[in-house]
Amino acid sequence: MPDFPTQVAECRNYLLRFARLQLRNDAWAEDAVSETMLAALARPQAFEGRSQMRTWMVGILKHKIIDILRQRQREVTLDSGSDDDSADPLEHMAFKADGHHAQMPADWGDPEQSLGSRQFMAVLNACAEKLPPVQGRLFLMREWLELSSDEICKELGLTPTNLYVQLHRSRLRLRECLELNWFGRAHTT
């Protein structure tokens with residue numbers, strides 16, 4: 001088994017992808033990951049082995065990202081690409097004009113069992129990385145960083161309505177991706 005510093009170093013690429021997706025600024029992402037790694041190396045006894053090393057490191061990184069967002073809130077910008085300005089084609093595929101589902105969602109069985117699967121988590125991460133940048137960032141802030149809607153709106157200067165629309169779109173896209181790549185196919189846990 002590799003020594004502690006080697007295990008920390010092996011998490012760097014994953015942490016950097018996560019930070020870049022959240023911060024949309026390479027320099028800030030590098031800073032957050034460096035601070036995370038330094039914090040971990042400064043207190044190796046804090047890692048008690050109750051989770052995987054990467055999970056523990058992401059927990060530290062979440063706090064570093066929140067700190068950076070708060071410190072640099074005036075510098076944070078969101079792309080206002082055409083995705084926000086145009087109609088979301090996924091919404092038209094998922095619902096009829098009367099608001100009912102065009103097609104009922106697939107039976108997901110026991111979602112809690114899937115959450116324990118490494119394969120499922122890999123598919124979920126891949127689906128999250130495929131989200132449009134704005135939606136991916138907002139989804140991660142809300143669901144993985146566990147920031148409140150009010151905090152996100154304040155940090156990024158969004159209206160609550162815009163935030164809810166973007167989160168709705170990201171959840172629809174994630175659902176579609178998971179149904180295509182996990183729940184709609186045979187898999188082993």
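The following paragraphs go from the overall fold to the core and then to a few individual helices and residues.

The structure is a predicted model. The protein chain has 11 helices and 0 strands, so its elements, read from the N terminus, form the uninterrupted series α-α-α-α-α-α-α-α-α-α-α. Of the 189 residues in the protein chain, 39% are buried. Contacts across the sequence are mostly long in range: when contacts between residues at least 6 apart in sequence are taken, 72% of them join residues at least 24 apart.

The interior comes next. The largest nonpolar core holds 51 residues, and M57, L61, I65 and L138 have the most contacts inside it. Two or more residues of this core come from each of helix 1 (4-10), helix 2 (12-23), helix 3 (26-42), helix 4 (53-71), helix 8 (118-129), helix 9 (133-144), helix 10 (149-156) and helix 11 (160-183). Helix 4 provides the largest share of the core, with 10 residues.

Two residues show what such contacts look like in detail. With residues up to four places away in sequence left aside, I65 touches F18, A19, Q22, L23, A32 and L145. The other residue, T36, is found in helix 3. T36 has a relative accessibility of 0% and therefore counts as buried, the cut-off for that class being under 20%. Again leaving aside residues up to four places away in sequence, T36 touches L15, M57, I60, L61 and K64. Of these partners, M57 and L61 are also among the residues with the most contacts inside the largest nonpolar core.

Helix 8 is one of the elements that give two or more residues to the core. Helix 8 has 12 residues, and the distance from its first C-alpha to its last is 16 Å, close to the 16 Å expected at 1.5 Å a residue. Its buried residues are F120, V123, L124, N125, C127 and A128.

Towards the C-terminal end of the numbering come helix 10 (149-156) and helix 11 (160-183). How do these two helices pack against each other, and at what angle? The axes of helix 10 and helix 11 lie 10 Å apart, at an angle of about 110°. Helix 10 and helix 11 are therefore roughly perpendicular to each other, since angles from 65 to 115 degrees count as such. Their crossing is right-handed. Where the two helices meet, S149, I152 and C153 belong to helix 10, while P160, L163 and Y164 belong to helix 11.

Terms used
Residues numbered from 1 in each chain as written. Predicted model: local features only at pLDDT ≥ 70, side-chain atom pairs only at ≥ 80, totals over all residues. Heavy atoms only, no water. Core = buried A, V, L, I, M, F, W, Y, C linked by side-chain atoms within 4.5 Å. Buried < 20%, exposed > 50% of the residue type's maximum accessible area, 1.4 Å probe, protein only. Helix = DSSP H or I, 4+ residues; strand = E, 2+ residues; numbered from the N terminus. Contact = heavy atoms within 4.5 Å. Expected span 1.5 Å × (residues − 1). Axes fitted to C-alpha atoms, helices over the stretch in contact; angles between N-to-C directions. Parallel < 35°, antiparallel > 145°, perpendicular 65-115°, else oblique. Left-handed = near helix turned anticlockwise from the far one by under 90°.
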